[in-house]
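Trainee: I would like to learn how to read a protein model step by step. Could we go through it together, with the general idea first and the case in hand after it?

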Amino acid sequence: MAKPTGFLEYARQNPPQRSIPERIHDFIEIDKCLDPDQLEIQAARCMDCGVPTCHAYGCPLGNLIPDFNDLVYKKKWRAALELLHKTNNFPEITGRICPALCETACTLYINQEPVTIRQIELQIVERGWEQGWISPWPATFKTGKKAAIIGSGPAGLAAAQQLARQGHKVTLFEKSDRIGGILRYGIPDYKLAKRVIDRRLEQMLAEGVIFQPHVEVGKDIPAPEFCKDFDAVLLTTGASVARELEVPGRELSGTCLAMDFLTQQNKVNAGDEISPSERISAQDKHVVVVGGGDTGSDCIGTSIRQGARHVTQIELLPKPLEGQNPDTPWPMWPVILRTSTSHQEGCDRLWSIATKQITGVRGKVKTLQAVKLDWTRQDDGRWTFKEIPGSKFELKADLVLLAMGFVHAEHGSLVEDLKLEKDQRGNIKVNENFMTSTSGVFVAGDAETGPSLAVRAIHRGRLAAGHLDAFLSKGR
Ligand SMILES: Cc1cc2nc3c(=O)[nH]c(=O)nc-3n(C[C@H](O)[C@H](O)[C@H](O)COP(=O)(O)OP(=O)(O)OC[C@H]3O[C@@H](n4cnc5c(N)ncnc54)[C@H](O)[C@@H]3O)c2cc1C
Ligand code: SF4
């Protein structure tokens, strides 16, 4: 245990952030690090619980949280890094963008602020990079087996690293021009700088992973033919089918999907040129973001940095409770009102709103017409809504960004040609070994779970890699 009285002596200290007036002019990361001695004190708050709910319930990866807290408190940073890498291939990713399910599951969170677990994770791994403790870890022998991974998000990357370290020849295919999935194209640079991904890719290259961007498997190469070249194939193609807004005016210019908007900004930050006719910009515009979740929040921060005149975010569901929600008691992930760094930068937030129509002038969006909803909870616990009579209103809109989430995995030629079964929600069905209805074809990440989190994708990628390795090892 770090320090038996630590949680009584020290208050939680959050990492510093760049000030709002400074950060809204660029896409540089917002969060900074604590001084190492301050972080060691934060680690001292860990009580080394008999049942560490942070590890056993909260963290999908099962990170060995109390153990690395103890090591950090004792200044054994390198040993903490080794422990962290035992369960997580990319702590620098989860340390930046994970919502920290471990922290809301921390025992301290029952009646005080939890241990700052995510920050401890981040600073352990960042110190590892700084000190040169993180180096390639190539396999000591080669199996001669060839594995293909399709899709280079966190699930595909984690699986690729695990399989390469098992000695398999791993090729990772990606239809985009750069590797990284939503980490690269989707998540704004101010949350996750892309050099963080590149640094890990260099390590993976040195471990023997072959990256093949610009290849859409199923389109550029017919899937059955592609599979013949490999001993096993893992699909980590994500759940990119966006929920649509089916209202009149959706087709107007200036109404677009959040991912198109966010991806374009990631590309601009990477130095790509976007032609003026294709550029989706919020500059000097009244922006309405439809969808109150994290993707919507990313649209707000990006719009503000592009120089939007005003941003409004609307959400169909009612405003969540503040502080605590009896429906999601500890250690569950609390469904409560959350205010992101983007919200703090300035926007209006409206809840219980349904969009009725988008109107425009000469083909360009001008307003979003909406109505207020009255939500009521039925005796069986279900929520239903009614439109409030006479509550119609309109919002001025030069840009409408649709961020209503994602429904399921793509059902394109890759899935069709390989005759992969789908589950009831439209994701790709796998058995307990992550294998699909087609032998030798595995799936991991959002493509099989539906839209989720980077930490879960890494976890599922690691698990699938274990089963794929066992499959390849048969008869070896
Ligand atoms: C805007 C946004 C912000 C988010 N923010 C967070 C966050 O802050 N924290 C968090 O934990 N999670 C966040 N998420 C969720 C998280 O990014 C995903 O859960 C995670 O990336 C899923 O990983 P994956 O590897 O399964 O798939 P993805 O990251 O979706 O990667 C799939 C990849 O497969 C490629 N692909 C698809 N089909 C083919 C094909 N036929 N051939 C070749 N390549 C193909 C795609 O181009 C894509 O690059 C966010 C999601 C979005 C959309
Ligand atoms: S639940 Fe919190 S206090 Fe308990 S071991 Fe985990 S981090 Fe430490």
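Mentor: Let us begin with a definition: a residue is called buried if its relative accessible area is under 20%, exposed if that value is over 50%, and partly exposed in between. Please keep in mind throughout that this is a predicted model.

Trainee: With those cut-offs, is Leu 395 buried or exposed?

Mentor: Leu 395 has a relative accessibility of 15%, which is under 20%, and therefore it counts as buried. Leu 395 belongs to strand β13, which covers residues 393–396, and its C-alpha atom is separated by 5.5 Å from that of Thr 367, although the two residues are 28 residues apart along the chain.

Trainee: Helix α11 holds both Met 204 and Leu 205. How does each of them count, buried or exposed?

Mentor: Met 204 has 0% relative accessibility and so counts as buried, whereas Leu 205, at 52%, counts as exposed. For each one we can also set distance along the chain beside distance in space. Met 204 and Pro 138 are 66 residues apart along the chain, with 8.6 Å between their C-alpha atoms, while Leu 205 and Pro 136 are 69 residues apart in sequence and 8.5 Å apart in space, C-alpha to C-alpha.

Trainee: How far apart in space are Ser 439 and Val 400, which are 39 residues apart in sequence?

Mentor: From C-alpha to C-alpha, Ser 439 and Val 400 are 44 Å apart in space. Ser 439 is found in the loop between α16 (413–417) and β16 (441–443), and with a relative accessible area of 59% it is exposed.

Trainee: Next I would like to understand aromatic pairs. What describes a pair of aromatic rings?

Mentor: Such a pair is described by the distance of the ring centres and by the angle of the ring planes. In this structure the count comes to 6 aromatic pairs. One of them is formed by Phe 173 and Phe 230, whose ring centres are 5.9 Å apart and whose planes stand at 85°, so the pair is edge-to-face, a term used for planes over 60 degrees apart.

Trainee: Why does the pair of Phe 173 and Phe 230 tie together parts that are 57 residues apart in sequence?

Mentor: Because Phe 173 lies in strand β2 (residues 169–173), while Phe 230 lies in the loop between α12 (223–228) and β4 (232–235), the pair ties together parts with that separation of 57 residues. Both Phe 173 and Phe 230 are buried, and together with Phe 226 they form one aromatic cluster.

Trainee: Which residue lies over the face of Phe 230?

Mentor: Lys 146 lies over the face of Phe 230, at 5.8 Å from the ring centre. A similar reading applies to Phe 393, where the charged end of Lys 372 sits over the ring, 5.8 Å from its centre.

Trainee: How do we find the empty space in a model, and what is the volume of the second largest pocket?

Mentor: Rolling a probe the size of a water molecule over the atoms shows where empty space is left. The second largest pocket here has a volume of about 350 Å³. Its lining has 15 residues, and those nearest the pocket centre are Glu 82, His 85, Trp 133, Ser 135 and Trp 137.

Trainee: Which elements give two or more residues to the lining of the second largest pocket?

Mentor: These elements are α6 (77–87), α10 (154–165) and α11 (194–206), and α6 provides the largest share of the lining, 5 residues. By residue type, the lining divides into 5 nonpolar, 5 polar and 5 charged residues. At least three lining residues come from each of domain 1 (6–19 + 28–131) and domain 2 (146–240 + 407–473).

Trainee: Finally, what should I note about the backbone, for example at Asp 48?

Mentor: Asp 48 has a positive phi of about 50° although it is not a glycine; it sits in the loop between α3 (36–43) and α4 (53–58), and at 37% relative accessibility it counts as partly exposed. Asp 284, also not a glycine, has a positive phi of about 60° and lies in the loop between α13 (258–269) and β7 (286–290). The peptide bond from Trp 330 to Pro 331 is cis, with omega near 0°.

Conventions:
Residues numbered from 1 in each chain as written. Chains lettered and ligands numbered in written order. Predicted model: local features only at pLDDT ≥ 70, side-chain atom pairs only at ≥ 80, totals over all residues. Heavy atoms only, no water. Phe/Tyr/Trp six-rings, centres within 6.5 Å; stacked < 30°, edge-to-face > 60°. Helix = DSSP H or I, 4+ residues; strand = E, 2+ residues; numbered from the N terminus. Buried < 20%, exposed > 50% of the residue type's maximum accessible area, 1.4 Å probe, protein only. Lys NZ or Arg CZ within 6 Å of the ring centre and 35° of its normal. 1 Å grid on protein atoms, 1.4 Å probe; cavity = no way out; pocket = protein on both sides within 12 Å on 5 of 7 lines; lining within 4 Å. Points joined across faces, edges and corners; volume = space filled by probe spheres on them. Nonpolar A, V, L, I, M, F, W, Y, C, P; charged D, E, K, R; others polar. Domains from an automatic or database assignment.
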